[in-house]
Amino acid sequence: ARALTPQTAETDAIRFLVGTQSLRYDNQIHIIDFDDENNIINKNVLLHQVGEIWHISTSPADKGVLATCYNKTSDSKVMTCAAVWRMPKELESGSHESPDDSSSNTQTLELLCHLDNTAHGNMACVMWEPMGDGKKIISLADNNILLWDLQESSAKAVLSSSAALEGKGQLKFTSGRWSPHHNCTQIATANETTVRGWDTRSMRQIYCIENAHGQLVRDLDFNPNKQYYLASCGDDCKVKFWDTRNVTEPVKTLEEHSHWVWNVRYNHSHDQLILTGSSDSRVILSNMVSISSEPFGHMVDDDELSDQEDQRQEEKIKEPLQDSVIATYEEHEDSVYAVEWSSADPWLFASLSYDGRLVINRVPRALKYHILL
C-alpha cells in the first residue's frame with residue numbers, strides 16, 4: 001500500500017483511509033477508525049475493483065466523497081486514471097461498531113464520475129480545494145494541470161481550465177498541493193527537481209524554484225497558518241522550507257533521513273510540528289519552531305513579573321528557539337510512502353509503509369504540554 005489520507009471533512013472521529021496496491025486481488029480501500037479512549041483500531045473494507053491505488057484524497061466538505069488515482073491496463077498499456085467515489089451511507093461517519101469478521105460484509109464504492117484524462121496522460125494526484133464546498137478539484141496528469149468543477153452532486157466533472165508545462169523532454173508532475181491561503185487561488189507543483197507556483201484563476205506560473213532539490217522532488221505541503229511558506233522533500237534525502245516570495249535559497253533545510261523522503265506534512269494547528277516519511281523506513285517528527293507562526297512561544301504577562309524577572313524574561317525572548325528532531329519512529333520495516341496528521345486530533349498521526357503496515361502515533365505528551373501551556 002502507498003495511498004493514505006485522513007478523512008478531511010471528519011473533525012470528530014479519528015479516521016484514515018488507506019488504498020491497496022495488489023496485482024492479484026481486487027484492490028480495496030480500508031476505512032480505519034481509531035478509538036482514542038480504548039486504543040482500538042476498527043476497520044471497514046470497501047472494494048475498489050478498477051485497479052491498484054496510487055493516490056487517495058477526500059472531499060473537504062462531504063465525508064462520503066473521495067477521489068482515487070489508480071492503474072488500469074488497456075491494450076497492454078498501463079494508464080493511471082482518476083475517479084470520484086461515494087462510500088456507502090452507513091460508513092460515512094465514524095460511529096459504527098466494527099464486527100469481528102469484516103470480510104463477510106465487504107461493500108463496494110459507488111462511482112460518481114471519472115476525471116476523464118485520456119487526452120492528457122497519466123494522473124499523478126488529485127487535490128481538492130482546501131476551504132471549498134468540495135466542488136473544485138485539480139488533477140495533475142503528466143505535464144497538465146486540470147481544474148475540474150464537480151456538478152450535480154458530484155456525478156459529473158467538467159473541465160473548467162487547464163495549463164501545460166512547456167519545455168524539453170517529457171515533463172511530468174510528481175505531486176502538488178493546493179494552498180489554503182490567498183482565497184485558495186494558488187497551487188504548487190513538483191516536477192523533476194523543480195517546484196512551481198500557479199495562479200488557479202489565470203492558470204499561469206507565479207514562481208519557480210529551479211533545482212529545489214538535487215534529485216526528484218517527491219512531495220510538497222503549505223504551512224497552514226503562515227502564508228508564503230512551503231515545504232518540499234525529495235530523493236536527495238532532504239526536506240526544505242521555502243518562502244515563495246524569495247525562492248533563491250531555502251529558509252531552512254532538514255537532513256535527517258538517509259534515503260528518499262516521500263512525504264512532508266505540516267501539523268494543521270501547530271505548524272512548528274513537521275512530519276516526514278522516507279524509504280529509510282523511518283518517520284521523523286521535527287520541531288521547526290524558528291519558522292513557525294509562533295516563533296517565540298507564548299509571552300508571559302508583564303504584570304506577573306518583577307523587574308529582575310522582567311529583564312531575564314526579555315533576554316530569554318531574544319534567544320532564538322532551537323529547531324530539533326522530537327522523535328524518530330522505527331515501527332516500519334519497509335519504505336514509508338505516506339504520513340498524515342489526523343484531521344480530528346492535532347496530536348495524532350498515521351504512517352503507511354509499502355508492506356501494508358499502518359502505524360498510528362501520538363506527539364509525545366511532554367511536547368504537547370510544552371506547546372499548549
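## Largest pocket

In this predicted model, 48 residues line the largest pocket, and those nearest its centre are His-55, Gly-176, Arg-177, Arg-265 and Glu-340. The space in this pocket comes to about 1,500 Å³. Sorted by class, the lining consists of 23 nonpolar, 15 polar and 10 charged residues.

Seven strands are named here as each giving at least two residues to the lining: E1 (3-6), E5 (53-58), E10 (123-128), E14 (173-178), E18 (217-222), E22 (261-266) and E26 (336-341).

## Nonpolar cores

The largest nonpolar core contains 17 residues, and Val-84, Leu-115, Met-123 and Ile-137 have the most contacts inside it. Two or more of its residues come from each of strands E6 (65-74), E7 (77-86), E9 (110-114), E10, E11 (136-141) and E12 (144-151). A second core, separate from this one, has 16 residues, among them Ala-3, Ile-29, Met-79 and Ala-83.

Leaving aside residues up to four places away in sequence, Ile-137 touches Val-84, Leu-115, Val-126, Met-127, Trp-128, Leu-146, Leu-147, Trp-148, Leu-150 and Trp-178. Strand E10 contributes both to the largest core and to the lining of the largest pocket.

## Residues 210-246 and Asp-235

An unreviewed UniProt entry annotates residues 210-246 as "repeat: WD". This stretch is 46% strand and 0% helix, with its end C-alpha atoms 12 Å apart.

Asp-235 sits in the loop that runs between strand E19 (229-234) and strand E20 (239-243). Its relative accessibility is 8%, so Asp-235 counts as buried, the cut-off being under 20%. Apart from residues up to four places away in sequence, Asp-235 touches Gln-215, Leu-216, Arg-218 and Trp-260.

Methods. Residues numbered from 1 in each chain as written. Predicted model: local features only at pLDDT ≥ 70, side-chain atom pairs only at ≥ 80, totals over all residues. Heavy atoms only, no water. Helix = DSSP H or I, 4+ residues; strand = E, 2+ residues; numbered from the N terminus. Buried < 20%, exposed > 50% of the residue type's maximum accessible area, 1.4 Å probe, protein only. Contact = heavy atoms within 4.5 Å. 1 Å grid on protein atoms, 1.4 Å probe; cavity = no way out; pocket = protein on both sides within 12 Å on 5 of 7 lines; lining within 4 Å. Points joined across faces, edges and corners; volume = space filled by probe spheres on them. Nonpolar A, V, L, I, M, F, W, Y, C, P; charged D, E, K, R; others polar. UniProt positions renumbered as here; feature names shortened; annotations may be inferred. Core = buried A, V, L, I, M, F, W, Y, C linked by side-chain atoms within 4.5 Å.
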